[in-house]
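Student: Could we go through this structure together? I would like to start with how its strands are arranged.

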Amino acid sequence: MPAPSSPPRDAAGALALLRRAQPQLWTSPVRSAQAEAAAGVDPDLTGAAAARFERFRPLVASLFPELAAQGGRIRSALRQAPRLQEALGIEQGQVWIKCDHALPVAGSIKARGGFHEVFELAERIAAGAGTPVHEDASALATPALRALFGEHEIAVGSTGNLGMAIGVMAAALGFRAVVHMSADAKAWKKARLRARGVTVVEHAGDYADAVAAGRRHAAGQPHRHFIDDENSASLFAGYSTAGAELQEQLAQAGVAVDARHPLFVYLPCGVGGAPAGITHGLAGRFGPFVHCVFAEPVQSPCVLLALLTGMDPPVYDYGLSNRTEADGLAVPRASRFAVEAVRHLVAGVCSVRDEDLLRDLFLLETAEGIRVEPSAAAGIGALRALCRTDQARAYLQHHGLADHLHRATHVVWTTGGLLLPEPEYLAFHHRGAELATVADPT
């Protein structure tokens with residue numbers, strides 16, 4: 001299939017392609033080499049979140065048998081992907097997969113952020129009741145505290161994966177959990193949440209409508225906590241802990257990251273919170289040597305739109321439908337908090353078509369035996385664009401990377417898929433297989 005179009009560097013040219021729902025790679029003209037460029041983000045957030053995850057490890061291991069073997073750690077594998085690299089025809093550098101699609105319990109990238117905010121709220125309520133958590137959160141599992149948590153409701157608006165992460169963990173700790181879900185959320189995700197004791201409220205509108213309804217439901221209610229995916233520093237902090245995780249894994253694999261060995265990370269993007277948090281965490285660990293590229297569906301490029309316009313208009317204003325098989329990325333308006341946090345950190349944004357998401361979903365399984373949701377395949381399109389387009393070549397030249405690309409490390413971050421029911425996956429797989437045999441008309 002052809003690489004995405006290479007637009008002019010100016011915003012007008014990129015906006016023209018965006019309006020036509022054409023795939024493109026846009027690279028940032030304002031990326032800074034300094035991690036401190038993250039605007040308005042407390043630098044201590046990541047360290048505090050990492051410490052909280054450590055405190056909760058014994059409790060998490062006791063609540064979820066599938067996490068006991070890894071001591072309650074919330075982390076995913078890093079796998080080299082030589083067969084995928086060969087299939088893509090990428091000859092420079094090495095391709096790896098960061099397997100957040102296989103994170104236990106939640107089955108998606110949302111686990112770190114969603115779990116973290118639930119943990120933070122539990123600690124705050126327990127401290128208010130005279131039971132502060134110091135080194136071990138296991139005390140939160142007592143009948144008295146579970147009863148106290150049962151007096152509180154945790155709510156969230158979601159297309160699916162964040163709701164899964166928050167709903168499952170909140171219910172496990174004893175909270176009343178409510179997930180407001182948009183019309184494009186998958187039926188199996190709603191069913192799975194209900195089976196875990198989570199209340200699912202369905203809304204006829206899109207993701208933004210579900211979030212707005214959740215905010216209204218919780219407003220003014222002291223025992224209702226709404227986790228706001230568009231504005232939450234706690235979610236952001238949880239996601240940012242992935243930076244240290246990837247640094248440790250690359251070091252264990254003997255992979256260098258420095259001026260001569262650049263790191264490129266490709267992150268599927270919905271409202272922007274998860275990729276922004278991860279980008280912040282990676283910048284804190286790797287500084288100027290990491291280059292993060294977000295990947296969005298051509299019908300839902302809300303973060304690209306926000307970066308281009310300096311505002312946060314809905315994609316509908318630009319003639320786009322916000323309809324995509326990548327349900328976790330079907331977001332009409334970007335998080336202003338997330339966009340401002342990474343405006344000077346992100347390397348670029350790549351928009352991808354649904355047809356290519358499905359082709360790459362099929363390719364990832366046939367090449368590496370990895371099964372993901374369509375949204376989780378978006379990073380492959382961004383990898384392809386970084387290695388093939390004129391826009392990418394200009395970015396590499398501008399940042400002095402062109403002569404080092406053969407020593408680069410490319411990390412495709414997958415975001416969901418572990419919990420995808422077999423019939424659902426097979427439907428995507430078969431469509432991807434069909435598309436892979438058809439010549440691309442563009």
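Tutor: Let us begin with a definition: two strands count as a pair if DSSP finds at least two bridges between them. Please also keep in mind that this is a predicted model.

Student: Fine. How many bridges join E1 to strand E10?

Tutor: There are 4 bridges between E1 and strand E10, which covers residues 348-352, and the two run antiparallel. One such partnership links Leu25 with Cys350 in E10.

Student: What is the order of the strands in the open sheet of 7 strands?

Tutor: The order is E1-E10-E9-E8-E11-E3-E2, and the pairing is mixed. At the edges are strand E1 (24-27) and strand E2 (78-80), each of which pairs on one side only. From one strand to the next, the twist averages 25°.

Student: Which strands does helix H15 touch?

Tutor: Helix H15 (residues 378-388) packs on this sheet and touches E1, strand E3 (94-99), strand E8 (263-268), strand E9 (290-297), E10 and strand E11 (409-414). The direction of H15 makes about 140° with that of E8.

Student: Now the open sheet of 4 strands. Is its pairing parallel or antiparallel?

Tutor: The pairing there is parallel, and the strands follow the order E6-E5-E4-E7. Strand E6 (199-202) and strand E7 (224-227) are the edge strands, and each pairs on one side only. In this sheet the twist averages 20° from one strand to the next.

Student: Over how many bridges do E4 and E7 pair?

Tutor: Strand E4, residues 153-158, pairs with E7 over 4 bridges in the parallel sense. Within this region, Glu153 stands opposite Arg224 in E7.

Student: And which helix lies across E4 and E7?

Tutor: That is helix H4, made of residues 110-128, which runs at about 155° to E7.

Student: Changing topic: how is the protein chain divided?

Tutor: There are two parts, domain 1 (11-46 + 75-107 + 236-437) and domain 2 (109-233). Their centres, taken over C-alpha atoms, are separated by 26 Å.

Student: How many residues of each domain are in contact with the other?

Tutor: On one side are 37 residues of domain 1, and they are in contact with 26 residues of domain 2.

Student: What about empty space inside? How many cavities of 30 Å³ or more are there?

Tutor: The count comes to 5 cavities of 30 Å³ or more. The largest cavity holds about 230 Å³ of space. It is lined by 23 residues, and those closest to its centre are Ile109, Lys110, Gly270, Gly328 and Leu329.

Student: Which helices supply at least two residues of that lining each?

Tutor: Helix H6 (161-173) and helix H11 (273-286) each do so. H11 gives the largest share of the lining, 3 residues.

Student: What classes of residue make up the lining of the largest cavity?

Tutor: By class, 10 are nonpolar, 11 are polar and 2 are charged.

Student: Last one: why does the largest cavity lie between the domains?

Tutor: The largest cavity lies between domain 1 and domain 2 because both of them give residues to its lining.

Key:
Residues numbered from 1 in each chain as written. Predicted model: local features only at pLDDT ≥ 70, side-chain atom pairs only at ≥ 80, totals over all residues. Heavy atoms only, no water. Axes fitted to C-alpha atoms, helices over the stretch in contact; angles between N-to-C directions. Contact = heavy atoms within 4.5 Å. 1 Å grid on protein atoms, 1.4 Å probe; cavity = no way out; pocket = protein on both sides within 12 Å on 5 of 7 lines; lining within 4 Å. Points joined across faces, edges and corners; volume = space filled by probe spheres on them. Nonpolar A, V, L, I, M, F, W, Y, C, P; charged D, E, K, R; others polar. Domains from an automatic or database assignment.
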